[in-house]
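Biologist: Can you walk me through this one? I would like to start with helix packing and then move around.

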Amino acid sequence: MTSYRQPGTVLRDRSFTAPLDHARPDGEQIRLFAREVVAADKATADLPWLVYLQGGPGFGALRPFGREHWLDRALHDYRVLLLDQRGTGRSSPANRRTLARLGSPRAQADYLAKFRADAIVADAELVRKEVTGGRPWSVLGQSFGGFCTVTYLSFAPEGVSEAFITGGLPGLDTTADDVYRKTYAAVAAKNAQHYARYPVDVARAKEVARHLAAGGTRLPGGAPLTVEAFQSLGRMLGGSTGSHTLHYLLEDAFASGELSDDFLRQVEDHLTFSAGPLYALLHEACYASASATRWAAQRIRAEYPEFDAAATLDGDTPLLFTGEMIYPWMLENDPVLAPLAEAGEILAQRDSWPPLYDEGALRACEAPAAAAVYYDDMYVPREFSVRTAGAIRGLRPWITNEYEHDGLRVSNSKVLDRLIAMVRGNV
């Protein structure tokens, strides 16, 4: 195992193997990667383990620079394992190049169907038994990582000594349709807040949209920049600094009457799925149970006509940006997703998903847990989170409007510190 140092920490790169299909343990194997982090002054101490499950889906775990963000608090008490979930980072990455070896879109879709939270939890259990010698460990799940943590408490609670969840309590029986009916309304509210803060952006966004409506605008990587793609920049509005980032992006959009090269480059950075293709391919599958999602975000959008850009292009209505929604045109237009668009369509129509949660098991789960529920969360509806919190035995929710969805990252360890105190009975 490779070992190295950063300011205040010692890190070790660790590798594991797991079956692609946990129902067939002797079948095809995949590689899992995790990075162990420990405080430099406790490098030889016998500390309890905390595994971190990243938000997403589809992104590798935190790549740390010393004791940054929540790590500073965690390293006081734990030896931390930053696990790249299967298909992400260095864990048998799934992308247009690696999936090409499978050939047909059907084979690609069948492969990707094994990359949901249930498989991630089964991977974590294999890793836990090797890392801790069989002892249970603490689990910290952010956003989608919180979804995975609830799956963990459902199907392998014996592996969890305590759980911390931030912005990631899913609805136990909600469908993708249910989620988007809530999140479209939340995104509309975030738009209103943004334009109230930066009223000049109403005209700026409209000017960009009208320019794009003429057609022919492409991002540096070749993807077309359409009005609908421009609207999807609203994904950033759910973060603590997202509104400000959008404002600064809009204020320098044009140069000599054309969209500037810098604007187009920054937009591409926000819109491309090159860092996380699984985010697009499996996003709606996070909510799938017995029935197909059938591009839920696209279907439910029709119920919210205020997101139709036509009223902006033809009149004075402010352009509404969308949020954490995946649309079929994204797979068709993004060069890193286009080769996988047919596989994405098959996944959208798939109706044979196994359950991700067991409410009966959650009501019986004895592992102490605490969850930060962000009151104005644009991505994970508060109403569903509160309902789920009441269904998990021993879980204490902290409902707050002090932070946005990225509170774990921006709070300088305050969110994690509070959740640890809650689990220990100190709050």
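Modeller: Sure. Bear in mind that this is a predicted model. A first packing pair is helix H2 (residues 105-112) with helix H14 (residues 341-349), whose axes are 8 Å apart and at an angle of about 55°.

Biologist: How do H2 and H14 count in terms of orientation, and why?

Modeller: They are oblique to each other, because the angle of about 55° falls outside the ranges for roughly parallel, roughly antiparallel and roughly perpendicular.

Biologist: Left-handed or right-handed crossing for H2 and H14?

Modeller: Right-handed.

Biologist: Which residues make the contact?

Modeller: H2 contributes Pro105, Arg106, Gln108, Ala109 and Leu112, and H14 contributes Glu342, Ala343, Ile346 and Leu347. By class, the residues of this contact are six nonpolar, one polar and two charged.

Biologist: OK, now H6 and H8. At what angle do their axes cross?

Modeller: At roughly 60°, with the axes coming within 10 Å. H6 covers residues 200-213 and H8 covers residues 242-251. H6 and H8 are therefore also oblique to each other.

Biologist: And the hand of the crossing of H6 and H8?

Modeller: Left-handed. On the H6 side the contact is made by Val200, Asp201, Arg204 and Ala205, and on the H8 side by His247, Leu250 and Glu251.

Biologist: How do the residues of the H6 contact with H8 divide into nonpolar, polar and charged?

Modeller: Three are nonpolar, one is polar and three are charged.

Biologist: Switching to the interior. How many residues are in the largest nonpolar core?

Modeller: It has 118 residues, and Phe230 and Phe321 are those with the most contacts inside it. Helix H5 (residues 176-197) gives the most to this core, namely seven residues. There is also a second, separate core of 28 residues, with Trp70, Tyr78, Tyr403 and Leu419 among them.

Biologist: What is Phe230 in contact with, leaving aside neighbours within four places in sequence?

Modeller: Ala205, Val208, Ala209, Leu212, Leu225, Leu250, Phe263, Leu319 and Phe321. Ala205 and Leu250 also appear in the contact of H6 with H8.

Biologist: Back to H5, then. Where is Tyr195, and is it buried or exposed?

Modeller: Tyr195 is in helix H5. It has a relative accessible area of 10%, so it is buried, given that the cut-off is under 20%.

Biologist: What does Tyr195 touch beyond four places in sequence?

Modeller: Asp201, Val202, Ala205, Pro318, Leu319 and Phe321. Tyr195 and Pro318 are 123 residues apart in sequence, with a C-alpha to C-alpha distance of 8.6 Å.

Biologist: There is an acid in H5 too, Asp177. Buried or exposed?

Modeller: Asp177 counts as buried, at 18% relative accessibility. Apart from neighbours within four places in sequence, Asp177 is in contact with Thr293, Ala296, Arg299 and Ile300.

Biologist: What about Thr151, where is that?

Modeller: Thr151 is in helix H4, and it is buried, with a relative accessible area of 0%. Not counting residues up to four places away in sequence, Thr151 touches Ala117, Asp118, Val121, Ala156, Leu356 and Tyr357.

Biologist: Now the backbone. Which residues does the cis peptide bond join?

Modeller: Gly56 and Pro57, with omega about 5°. Pro57 sits in the loop between strand S4 (49-53) and helix H1 (71-77).

Biologist: What is phi of Ser143?

Modeller: Near 55°, which is a positive value in a residue other than glycine. Ser143 is in the loop between strand S6 (137-142) and helix H4 (144-155). Ser143 is buried as well, with a relative accessible area of 9%.

Biologist: And phi of Trp295?

Modeller: Phi of Trp295 is near 55°, again positive in a residue other than glycine. Trp295 is in the loop between helix H10 (277-282) and helix H11 (296-301).

Biologist: Is Trp295 buried or exposed?

Modeller: Buried, with 12% relative accessibility.

Key:
Residues are numbered from 1 along each chain as its sequence is written. This is a predicted model: local features need pLDDT of at least 70, side-chain atom pairs count only at pLDDT 80 or more; totals for chains, interfaces and linings use all residues. Side-chain values use heavy atoms; hydrogens and water are left out. Axes are lines fitted to C-alpha atoms, for helices over the stretch in contact, and angles run from 0 to 180 degrees between N-to-C directions. Helices (H or I, at least four residues) and strands (E, at least two) are DSSP runs, numbered from the N terminus. Angles under 35 degrees count as roughly parallel, over 145 as roughly antiparallel, 65 to 115 as roughly perpendicular and the rest as oblique. A crossing is left-handed if the near helix is turned anticlockwise from the far one by less than a right angle, and right-handed if clockwise. Contact means heavy atoms within 4.5 Å. Ala, Val, Leu, Ile, Met, Phe, Trp, Tyr, Cys and Pro count as nonpolar, Asp, Glu, Lys and Arg as charged, and the others, Gly among them, as polar. A nonpolar core is a set of buried Ala, Val, Leu, Ile, Met, Phe, Trp, Tyr and Cys residues joined through side-chain atoms within 4.5 Å. Buried means under 20% relative accessible area, exposed over 50%, partly exposed in between (1.4 Å probe, protein chains only).
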